[in-house]
Amino acid sequence: MPAREITCTVTEKTWITNTVVHIRFEPSKAFRFEPGQFLSVVVPSEDKRPPRRAYSFAFPYDLAKKNGYELLIKVLEDGTGSRYMARLEKGDTFKAFAPYGDFLYHPPKD
C-alpha cells in the first residue's frame, strides 16, 4: 500500500519518562501497517517545504485497530520534530504520511 496523507487526532498523551512521550492517535483514514514500518510527521514551519520526521509505530496493527495507533517518541533538546510532538495535547491534530518502510519483520514459521 502506498503512503498517503492523513490527519491524525491525538486521543491520549502520557509521559513515560522525562524524555519519552507516548502518543495515541486516530487517523482520518484508517490504514494497515506492518511491523517495521513508520509514519512521516509534517512539522509545521514557515518553509515552503515543511520538514518531516519519521516515527515507528509502537505496537502492531492488530492492537492499533483495537486501541488506536501509537508512537513512543524520545524527545531531544534540539529535536524539531520530537519537541513539536511533545507539545501536542489530547484533541490536537497533526499531519502525516503513512505507511512507509520496507524493512519489515517476518516472524519465523514453525
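Reader: How much accessible surface does the protein chain have, and what share of it belongs to carbon and sulfur atoms?

Author: This is a predicted model. The accessible surface of the protein chain is about 7,100 Å², and carbon and sulfur atoms account for 52% of it.

Reader: What share of the residues is buried?

Author: A residue is called buried when its relative accessible area is under 20%. Here that applies to 35% of the 110 residues in the protein chain.

Reader: How does the radius of gyration of the protein chain stand against that of a compact globule?

Author: The general idea is to set the value beside the one expected for a globule with that number of residues. For 110 residues a compact globule would be near 13 Å, and the protein chain, at 14 Å, agrees with this. Along the principal axes, the C-alpha atoms fill a box of roughly 50 × 35 × 25 Å.

Reader: Which elements make up the chain, and in what order do they run?

Author: Read them from the N terminus: the order is β-β-β-β-α-β-α-β. That comes to two helices and six strands.

Reader: What can be said about contacts between residues far apart in sequence?

Author: Take the contacts between residues at least 6 apart in sequence. In the protein chain, 63% of these join residues at least 24 apart.

Reader: How are the charged side chains divided?

Author: There are 17 positive and 14 negative side chains. The centres of the two sets lie 3 Å apart.

Reader: Why is strand E3 described as largely enclosed?

Author: One counts its buried residues. E3 covers residues 38-42, and four of the five are buried, so the rest of the structure largely encloses this strand.

Reader: Which strands pair with E3, and in what sense?

Author: Pairing is read from bridges between strands. E3 pairs with E4 (residues 52-56) in the antiparallel sense, over five bridges. Within that pairing, Leu39 has Tyr55 in E4 as its bridge partner. E3 also pairs with E6 (residues 93-100), again antiparallel, over three bridges. There, Phe38 stands opposite Tyr100.

Reader: Is Tyr100 buried, exposed or partly exposed, and what does it touch?

Author: Tyr100 belongs to strand E6. Its relative accessible area is 28%, which makes Tyr100 partly exposed, since that class lies between under 20% and over 50%. Beyond its neighbours within four places in sequence, Tyr100 is in contact with Ala3, Gln37, Phe38, Ser40 and Arg52.

Reader: How far is Tyr100 from Ile73?

Author: Their C-alpha atoms are separated by 17 Å, and the two residues are 27 apart along the chain.

Definitions and conventions:
Residues numbered from 1 in each chain as written. Predicted model: local features only at pLDDT ≥ 70, side-chain atom pairs only at ≥ 80, totals over all residues. Heavy atoms only, no water. Rg over C-alpha atoms; globule rule 2.2 N^0.38 Å. Buried < 20%, exposed > 50% of the residue type's maximum accessible area, 1.4 Å probe, protein only. Contact = heavy atoms within 4.5 Å. Areas by Shrake-Rupley, 256 points an atom, 1.4 Å probe, with all protein chains shown as cover. Lys, Arg positive; Asp, Glu negative; His and termini not counted. Charge placed at Lys NZ, Arg CZ, Asp CG, Glu CD. Pairing = 2+ DSSP bridges.
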